[in-house]
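Let's take a walk through this protein and look at how its side chains meet. Keep the 3D view open and find each residue as it comes up.

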Amino acid sequence: MIECVACLRNGSTDEQIETFGLPLYLSRHPQRHLSLFPTASAWKPKALIRHHHAIASALSHRRWHALQIGPTWRDAVIPTLSVSPTRLVLGVGGRLIVHPLVDPPEPGAKRVGRGREYMIAKKGRGSEADIVGALELGDDELAVAQYDGTLQRYKLDPANGSLRSTAHYAHPAGSNLQTLAIGQSGEVILTTTTHGYVSLFKTRSPWVPPDTFALKDRAWSSMASTRHSSLSLALYFGVAGGIAIHPLRPSSGPDPRSERLLIGPDLPSRSTAYDMTFPSSPSAHHPSLLLSSWFDSYLRLHDLRTASREPVLEFFDPWQWADGSAIYSTTYLAEHHIAGGGARHGTVSLFDIRQPKAGWSVFTPGGKGSPVYALQGEGGRLWGVTEKRAFMLAFDGSGDRDEGMVKREARAPKERAVERPSKWNRRGGKWGWTVRYDEPGEGCSGYDHKQSGVALFDSLQVV
């Protein structure tokens, strides 16, 4: 609020502050909101600043609500996650699960509605046809990739809940898809295979063969972005030893001479970036800050404005590091925060990039023993998936309102016995767990990243 205070000191009127000061402050401290109703641009500046302040205060004081979304899945899978202003899309084995985001009765965050399931995999295909990516293309269209090499475009009709395939993109026979990414304009679909082959498809021209090339190694993560590139598009791949960047020439594909490799740990480490992302637009973070999560338990920020291959900041949870847990997923959150999903115990670590060593972590609802395979953050919410469930962590106070996060019809059934973390066994380097009976299966525990010991604290109770 420094700019607003300056306005007051200069003798500005209340009207001038409302008209110029508050919008100026918001333009210098933007946050991306996916599930806010109405959209952030329709809020009065003072109300939106108050909303942002509440989010910042909740993160600073470790106050949050936590809920599982939908029932627990029967089989353990590696699920996918995509959140848009209208829906939450989950890829669970061979099924798509689509939860609508429902407008609240008054301005605030949208609520998750009951999910609708669609069987994508053909009968008898088993895990070979599991979904490895399901992303929004706009206009109620989705791109869905399966491990067996199937890539399709689907049209979703929210009015009647129907889902139909509108295009099929051919891959070479025997391809097993590893990752799926989409360019920011939605015009390009990027896939990688387990053998290191990359394919670039034109979204609206499925009959056109893809541009393909081979990487030196398998890509464990991929991204297509124009956020930091003087060319039309650049491709990013998390490979063993670092992040490979391939700028694309507008007409002739990747230029091998322009390839750049970012490193995490000092070489010759073979640690891999399992996930990466740029700040969403609008964002208070500079668009050249590439955030990534790594096998060696670290989150890293690379500033692509510099010529250095090394990260400018590193973040880690000392207890996950002691446990040997990789970080599988990462995202930006609110104005100054980032988050990473751990490989064990369904743990999410949160950091303020202004204070890299002052982080804290959360055991997501019911996530014992499970990796957090995907995360997506926005202004005041963090969405994620583990091997058997989807969840939301809310820092915007929506859990204080009746059905403010997840409608009751879309919540998980309550269980009589709930396992909760109880302590860290310093000698054995393991977490202790306690079974609690007749407690709601909602909420979760967290802990600060203090070297002297672990003190657990609980999330707020959801209405």
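Start with arginine 204, which is partly exposed, at 42% relative accessibility. Keep in mind that this is a predicted model. The side chain of arginine 204 meets that of glutamate 141 in a salt bridge, with 2.4 Å from N to O. Arginine 204 sits in the loop between β15 (197–202) and β16 (211–214), while glutamate 141 belongs to strand β10 (residues 141–146), so this pair ties together parts that are 63 residues apart in sequence. And is glutamate 141 buried or exposed? Glutamate 141 is buried, with a relative accessible area of 10%.

What's behind a pairing like this? Side chains of opposite charge can pair when their charged atoms come close.

How many salt bridges does the structure hold? The count is 18. Here are three of them, with the distance between N and O atoms:

| Salt bridge | N to O distance |
|---|---|
| Arginine 204 and glutamate 141 | 2.4 Å |
| Aspartate 323 and arginine 344 | 3.3 Å |
| Lysine 368 and glutamate 419 | 3.3 Å |

Take the second row, where aspartate 323 pairs with arginine 344, the closest N and O atoms being 3.3 Å apart. Both partners come from loops: aspartate 323 from the one between α4 (318–322) and β26 (327–333), and arginine 344 from the one between β27 (337–342) and β28 (347–352), so the bridge ties together parts that are 21 residues apart in sequence. Aspartate 323 is buried, at 7% relative accessible area, whereas arginine 344 counts as partly exposed at 33%.

Now for the third row, the salt bridge between lysine 368 and glutamate 419, again with 3.3 Å between the closest N and O atoms. This one links distant parts of the chain: lysine 368 is in the loop between β29 (355–363) and β30 (372–377), and glutamate 419 is in strand β33 (residues 417–425), 51 residues away. Lysine 368 is partly exposed, at 39% relative accessibility, and glutamate 419 is partly exposed too, at 40%.

Salt bridges can also join up: Arg87, Glu136 and Asp140 are linked in a network of them.

**On to the rings**

The model has 20 aromatic pairs. One of them is phenylalanine 213 with phenylalanine 237, an edge-to-face pair with 6.3 Å from centre to centre and 80° between the planes. Phenylalanine 213 lies in strand β16 and phenylalanine 237 in strand β18 (residues 234–239), so the two rings tie together parts that are 24 residues apart in sequence. Both phenylalanine 213 and phenylalanine 237 are buried.

How are the rings of phenylalanine 316 and tryptophan 321 arranged? Their centres are 6.4 Å apart and their planes meet at 65°, so this pair is edge-to-face. Phenylalanine 316 is partly exposed at 30% relative accessibility, and tryptophan 321 is partly exposed at 48%.

Rings can gather in bigger groups as well: Trp319, Phe363, Trp424, Trp431, Trp433 and Tyr447 form one aromatic cluster.

Charges turn up over rings, too. Arginine 218 has its charged end over the ring of tryptophan 220, 4.7 Å from the ring's centre. Arginine 300 lies over the face of tryptophan 294, at 5.1 Å from the ring centre.

**A strand tucked inside**

Next, find strand β17 (residues 221–225). Why can we call β17 largely enclosed by the rest of the structure? Because 5 of its 5 residues are buried. Both faces of β17 are covered, with Ser221, Met223 and Ser225 buried on one side and Ser222 and Ala224 buried on the other. β17 runs antiparallel to β18, and 5 bridges join the two strands. In this pairing, serine 225 stands opposite alanine 234 of β18.

**One last serine**

Finish with serine 293, which is found in strand β23 (residues 289–294). Serine 293 is buried, with a relative accessible area of 0%. Its side chain reaches the backbone oxygen of isoleucine 327, at 3.3 Å. Which residues does serine 293 touch, leaving aside those up to four places away in sequence? They are Thr272, Ala273, Tyr274, Asp275, Tyr298, Leu299, Ile327, Tyr328, Ser329 and Thr330.

Terms used: Residues numbered from 1 in each chain as written. Predicted model: local features only at pLDDT ≥ 70, side-chain atom pairs only at ≥ 80, totals over all residues. Heavy atoms only, no water. Salt bridge = Lys/Arg side-chain N within 4 Å of Asp/Glu carboxyl O. Helix = DSSP H or I, 4+ residues; strand = E, 2+ residues; numbered from the N terminus. Buried < 20%, exposed > 50% of the residue type's maximum accessible area, 1.4 Å probe, protein only. Phe/Tyr/Trp six-rings, centres within 6.5 Å; stacked < 30°, edge-to-face > 60°. Lys NZ or Arg CZ within 6 Å of the ring centre and 35° of its normal. Pairing = 2+ DSSP bridges. Polar contact = N/O pair within 3.5 Å; in protein donor to acceptor, adjacent residues only side chain to side chain. Contact = heavy atoms within 4.5 Å.
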